[in-house]
Amino acid sequence: MGSANVSFTRIQGHVEMLLEIDGATVARTSSAESMVLELQIRQVRELQIEGKFSTILPTSEKTLVAAAEIPFTEVMPALRLLAACSFMGEFPTLSYPERRKKPRAETYTPKSPA
């Protein structure tokens, strides 16, 4: 139950979000939904955006209205992230990705007569 900071960078025309926890970069994505999943998996409860705005997760409409007044570097991605955070539950909807390989399907091949 920690806190995290999100910052934005524009690279070749698209905006990328950078998630930092305890000063270490843990995720880099342009998808607000992927960022929310990372926040859920890491059980983040306090989110700071560019050091200009702080909120407790999950967010609400009131949080979104308050954030609309803040001069973020990238306003739309910041507001999209906050809106996506309103759908967060108390626990992650998906657990850590499964790391083992799925077994291959067994197929029967009849032996040809010799």
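Contact here means heavy atoms within 4.5 Å. The model is predicted.

Start with Leu18, a residue of strand S2. Leaving out residues up to four places away in sequence, Leu18 touches Asn5, Val6, Ser7, Thr25, Ala27, Arg28 and Met35. Asn5 and Leu18 are 13 residues apart in sequence. Their C-alpha atoms are 8.1 Å apart in space. Is Leu18 buried or exposed? Its relative accessibility is 14%. Buried means under 20% relative accessible area, so Leu18 counts as buried.

Now take the sheet that holds the strands. It is open and has five strands. Their order is S3-S2-S1-S4-S5, and the pairing is mixed. Strand S3 (24-29) and strand S5 (53-56) are the edge strands, each pairing on one side only. On average, neighbouring strands are turned by 25° against each other, direction ignored. Helix H1 (residues 32-41) packs on this sheet. H1 touches S1, strand S2 (14-21), S3 and S4. The direction of H1 makes about 5° with that of S2.

Strands of a sheet pair through backbone hydrogen bonds, either parallel or antiparallel. Which way do S1 and S4 run? Strand S1 (residues 2-11) and strand S4 (residues 44-49) run parallel. Five bridges join them. In this pairing, Ala4 stands opposite Leu47 in S4.

Return to H1 and follow it from its start. There, a side-chain oxygen of Ser31 reaches to within 3.4 Å of the backbone nitrogen of Glu33. Which residues of H1 are buried? They are Ala32, Met35, Val36, Leu39, Gln40 and Ile41. Met35 is also one of the residues that Leu18 touches. The buried residues of H1 pack against S1, S2, S3 and S4, and also against H3. Just after H1 comes Gln43, with a positive phi of about 55°.

Helix H3 (residues 75-85) is next. H3 lies across S1, S2, S4 and S5. Relative to S4, H3 runs at about 165°.

The loop between S4 and S5 holds Glu50. Is this glutamate, Glu50, buried or exposed? The relative accessible area of Glu50 is 17%, so Glu50 is buried. Its side chain makes a polar contact with the side chain of Thr73, at 2.8 Å. Glu50 has further contacts once its neighbours within four places in sequence are left aside. Among them are Asn5, Val6, Ser7 and Phe8. Phe72 and Glu74 are also in contact with Glu50. Asn5, Val6 and Ser7 appear in the contacts of Leu18 as well.

Phe72 leads to the last feature, an aromatic pair. A pair of aromatic rings is described by the distance of the centres and the angle of the planes. How many such pairs does the structure hold? It holds one. Phe53 and Phe72 form the pair, which is edge-to-face. Their ring centres are 6.3 Å apart, with 85° between the planes. The pair links distant parts of the chain, 19 residues apart. Phe53 is in strand S5. Phe72 is in the loop between helix H2 (61-67) and H3. Both rings belong to buried residues: Phe53 has a relative accessible area of 12%, and Phe72 has 5%.

Terms used. Residues numbered from 1 in each chain as written. Predicted model: local features only at pLDDT ≥ 70, side-chain atom pairs only at ≥ 80, totals over all residues. Heavy atoms only, no water. Pairing = 2+ DSSP bridges. Helix = DSSP H or I, 4+ residues; strand = E, 2+ residues; numbered from the N terminus. Axes fitted to C-alpha atoms, helices over the stretch in contact; angles between N-to-C directions. Buried < 20%, exposed > 50% of the residue type's maximum accessible area, 1.4 Å probe, protein only. Polar contact = N/O pair within 3.5 Å; in protein donor to acceptor, adjacent residues only side chain to side chain. Phe/Tyr/Trp six-rings, centres within 6.5 Å; stacked < 30°, edge-to-face > 60°.
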